[in-house]
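Hi,

Here is the structure I said I would pass on. Have a look at it first, and then read my notes below.

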Amino acid sequence: MKDTFKYTYDVAENKFGKERDTVQKPIINYVCEDSSEYLTRDGDKLFLNLGWEYVSPEEALRLRGCIKGLVFKDLFQTQLKKLNNFITQELINELINKIEKIPPNIEGNFIAWEYLKGFRTIFVPAEKRERNVKLIDTENIENNTFHITDEFVFTNGVKTIKLDLVFLINGIPLILIETKASHKIDGLTEALEQVRRYHRDCPELLALMQIYSITHLIKYYYAATWNTSVKTLFNYKEEVQGDFEKIVKTFFDKNRIVRLLTDFIIFTRQDDELKKVILRPHQIQAVHKIIERASSEKKRGLIWHTQGSGKTYTMIVAAQKIMENPLFDNPTVIMLVDRNELESQLFGNIKALGIEDVTVAETKEHLRSLLQSDKRGLIVSMIHKFEGMPANLNRRENIFVLVDEAHRTTGGKLGNFLMGALPNATYIGFTGTPIDKTSYGQGTFIIFGKDDPPRGYLDKYSIAESIDDGTTVPLHYSLTSNELIVDKKLLEEEFLNLKEAEGISDIESLNKVLEKAVNLKNMLKSKERVERVSRCIVEHFREYVEPMGYKAFLVAVDREACALYKEELDKLLPSEYSRVVYSPYYNDPPELAKYHLSGEEEKRVRKAFRNPKDLPKILIVTEKLLTGFDAPVLYCMYLDKPMRDHVLLQAIARVNRPYEDEEGRKKPCGFVLDFVGIFDNLEKALSFDSSDIEGVIRDLEELKRKFAEDMEKARQDYLSLIKGLSGDKAVDRILEYFMDEEKRQDYYLFFRELQDIYEVLSPDAFLRDYLSDFETLVRIYRILREAYETKTPVDRDFARKTAKLVTEHTKTGVIKPALEVYEINEHTLLHLEKSKASDREKIFNIIKSIENTLNKKGKSAPYLISIAEKAEHIVKLFKERQKTTEETLQELKKLIEEINAAEKEQIEKCMSPEIFTVYWLFKQRGLSEPEKLANQIGVVFSQYPHWKGSNAQEKEVRRELYALVMTAGIEDIALANEIIEDIVKKLKVVGQP
């Protein structure tokens, strides 16, 4: 197949960016080539192993057996026999039966992945034992078959979907790609929505699928199936950013794709919920580098992956790869993590990854015993358990220590104990913050970075990269009013200028420094100040944060301050709005003890805070949750605790997680309101190389400047279009100017970026001079979306504060807020004649009205679907300037007459919706005696009352329909099938919810 297939197409004959021609077909061409190309990494030439085989949709359907088939059965059986010498036909049939009965959910997807990994077994009667089944050969890649097909249609009997591209290995569908045209700004959003629909409508197929991608030529994103949030989409760029052909070819290199499926997918249970993770490109790259370092003579390495980029999963996969590699001769891997990770349940479920031999060190004595007894496999511990560990406890060289938060965990005596006990081990440090410029940072460099001069990183994923990829969101800050800011001189004397405050890497060290800052702490906790700060926080939260649907942290200087703030907030907000989370001390006074939480209660609070619909909305913290706590809905941090360097970076990273709500609205950024004045001197607060922390946090004033600049551009480029116009004339000018799709897409992109800034700034008084013009831009956006992008609900495009602006200002303005929608009846045409709207606006009013009628009546009058399809086609020709305004308007008016005539005729003939729809469609197709034929098919429907949900009954109905159509004089078989398919499709909407 691969030698004969080649898609050919002429780009010049097709509009640039058209989905099928410039995205879908090239992908097939690229992966089907036998490539002599190579990728260079670290000086080595890595030849791309392509040569996938193309299978046409028709051939793929034959190989699957039927439209409900999941796998290429004959090929699957052949490969099973090839890869498993013990397999029999009886066992193959048993295995296929098991796979076809996999639950259509993430639990089933986990089972499917376990089969791919070779973890699942089957009982072999001849040997009287269970044997692991190999579905994919991960050692000799060419032992597998690799196929790609397009227009993959699948049904579960209730819903039917059609996937753009499907990739199969050994006959098993494992990867899908949804493609969109490159010129559409909403292309990727639409693609993701379709992937969500596939999960919802046909989960049986998605139970097998492991990876999906969405692309529109410009960018290529991938994700694990059963993860359909925007934050789980990863931008695949590798070393070939910007070159679509290289991106596709490197992604679908056979060796890489098998590794991605089997090595870089993780299933884990957290809070009793099964989650699926696929590693991002920077994580995969780091794993490769760790294995290379472990294989070399060098004994040190430092991985800087910025906060929120998944260091723990990188560590786990690296550990697994080291243990699996025979080169390391049954090694010991030690993972040093913090308490938050140990409590996350992650390591209790690590066996799901195929790591069988894992031990969590419970005590210092337990850890010492494990090392003395030469324990192999994975040991998980915390650094403090190495305290007092004797030197040279284990001198083996195949010990590999992976150290989380290496900038702080190996400092001082603990690091000496660790490295003294395991003198010949290889040490790989992980950090979420860069090496600082202090002596502490130099220590980290000496311990882990000495083998990678001059910067000291084995691998690096910077803050700027994570923002660019969407792994994290940008951060902005603002200083509160001067009267609430801490005295600058006192802040410098008791904190910023102290040598011991430089390079602070953990919250415990910070607290020790602050214990000595008596005057500073007293100022922060003074009764009057706490009251005033509390009022400021409540006002800000009510006006800025809560309207966006997000939550907040209040970071107080110590536990006493937390309690004081809770007392004040409860006077201003409902008490359930906020909770205090700090560590309890046994001798705490009543005013602190009253906020103690049990372990279970704290877990409930953390879980509720992550849920946007649950209370609390504000957490008051001082130490706990400032590291390792991940709550994407957290947007704002009220910072009232002096911090700097690593601790500051780790803390503010709590608000940098991407988030998307149920309506598809995305968190534009994270925000810090500084009540201390730390950000008044960023250079001193963050002692890192400027290139490392570029863009880590920006002054809110920059956003204001950007908003002002964009509004000036809007006035020149867009608002000037309707200068001197109002009402219908303004709308007509907008509709006429933006008929060009490229202009519309440019405006959509511009508006959405502007809206994101408005969402952050509103209701700042700064916006007062811009509100009227911004509202006009909102109305222009709405008019265009309603007119030209009819399938997208426009209200979902508006952020919450913009949506509120839309609802509060509906009557004033130079341009109407929305297109008019008519009720289609016998008075509609008269209403149109009297309307002062331009002919162009009337066209879009009619199409909106027809759509509205279809939404209301389509399920009870499915013949309306065909009329709506006609309307859509007419307007498409109008948008492409193939029909004049006058021609389009007249044809749409005829469709209104057609709708009215159809409704009247159905009443006169007393036909059911199904029978009348058949009659109407037969009539439209010009069949003779359509009423007689429709009544005959009515008898067939009564004979097969469950035909919409039964494949067997549907088959009989189709057969009867075919006979009727042929007797009506339709001799063209293809046309007959087309008519039948059209009828069945439209009738199936009747009765749907």
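**Aromatic rings and charges**

The structure holds 45 aromatic pairs. One of them is made by Phe916 and Tyr919, whose rings are tilted, with 5.5 Å from centre to centre and 50° between the planes. How far apart are Phe916 and Tyr919 along the helix? They sit 3 residues apart in helix 36, which runs over residues 913-925, so about one helical turn separates them. Both of these residues are buried. Before you go further, please keep in mind that this is a predicted model.

Rings also turn up with charges over them. The charged end of Arg64 sits over the ring of Phe152, at 4.0 Å from the ring centre. Likewise, Lys743 has its charged end over the ring of Tyr737, and here the distance to the centre is 4.1 Å.

**The protein overall**

Since you are new to this one, here is the general picture. The protein has 993 residues, and 56% of them count as buried. It contains 39 helices and 27 strands. If you take the contacts with a separation of 6 or more, 71% are between residues 24 or more positions apart. As for the outside, the accessible surface is about 42,700 Å², and carbon and sulfur atoms account for 48% of that.

**Back to helix 36**

Helix 36 is worth another look for its packing. Its partner is helix 37 (residues 930-943): the two pack at an angle of about 140°, and their axes are 8 Å apart. The crossing of helix 36 and helix 37 is right-handed. Which residues of helix 36 meet helix 37? On the helix 36 side they are Glu914, Ile915, Val918, Tyr919, Phe922 and Lys923. On the helix 37 side, the residues they meet include Pro930, Leu933, Ala934, Ile937, Gly938 and Phe941. So Tyr919 turns up twice: it is in the aromatic pair with Phe916, about one helical turn away, and it is among the residues that meet helix 37.

**Backbone oddities**

A bit of background for this part: most residues other than glycine have a negative phi, and most peptide bonds are trans. Here are some exceptions.

- Leu615 and Pro616 are joined by a cis peptide bond, with omega about 10°. Pro616 is in the loop between helix 24 (599-610) and strand 24 (618-621).
- The bond from Ser762 to Pro763 is cis too, with omega near 10°. You will find Pro763 in the loop between helix 29 (741-761) and helix 30 (771-788).
- Asn330 is not a glycine, yet its phi is positive, near 55°. Its place is the loop between helix 11 (311-324) and strand 15 (332-336).
- Asp645 is not a glycine either, and its phi is about 50°, again positive. This residue lies in helix 25 (residues 645-652).

Are Asn330 and Asp645 buried or exposed? Asn330 has 49% relative accessibility, so it counts as partly exposed. Asp645, by contrast, has a relative accessible area of 0% and is therefore buried.

**Three residues inside helices**

I also picked out a few single residues to look at.

Val533 is in helix 21 (residues 527-545). Its relative accessibility is 0%, so it counts as buried. What does Val533 touch, once you leave aside its neighbours within four places in sequence? The contacts are Leu484, Tyr565 and Phe675. Ser481 is 52 residues away from Val533 along the chain, and 9.9 Å separates their C-alpha atoms.

Arg606 lies in helix 24, the helix that comes before the loop with Pro616. Is Arg606 buried or exposed? The cut-off for buried is under 20% relative accessible area, and Arg606 has 19%, so it is buried. Not counting residues up to four places away in sequence, Arg606 touches Leu625 and Phe629.

Thr853 belongs to helix 33 (residues 839-857). With a relative accessible area of 8%, Thr853 is buried. How far is Thr853 from Ala868? They are 15 residues apart in sequence, and from C-alpha to C-alpha the distance in space is 9.1 Å.

That's it from my side. Happy to go through any of this with you.

Cheers

Conventions
Residues are numbered from 1 along each chain as its sequence is written. This is a predicted model: local features need pLDDT of at least 70, side-chain atom pairs count only at pLDDT 80 or more; totals for chains, interfaces and linings use all residues. Side-chain values use heavy atoms; hydrogens and water are left out. Rings of Phe, Tyr and Trp (its six-membered ring) pair if their centres lie within 6.5 Å; planes under 30 degrees apart count as stacked, over 60 as edge-to-face and the rest as tilted. Helices (H or I, at least four residues) and strands (E, at least two) are DSSP runs, numbered from the N terminus. Buried means under 20% relative accessible area, exposed over 50%, partly exposed in between (1.4 Å probe, protein chains only). A charge sits over a ring if NZ of Lys or CZ of Arg is within 6 Å of the ring centre and within 35 degrees of the ring normal. Contact means heavy atoms within 4.5 Å. Accessible areas come from the Shrake-Rupley method with a 1.4 Å probe; for residues, only the protein chains shown count as cover. Axes are lines fitted to C-alpha atoms, for helices over the stretch in contact, and angles run from 0 to 180 degrees between N-to-C directions. A crossing is left-handed if the near helix is turned anticlockwise from the far one by less than a right angle, and right-handed if clockwise.
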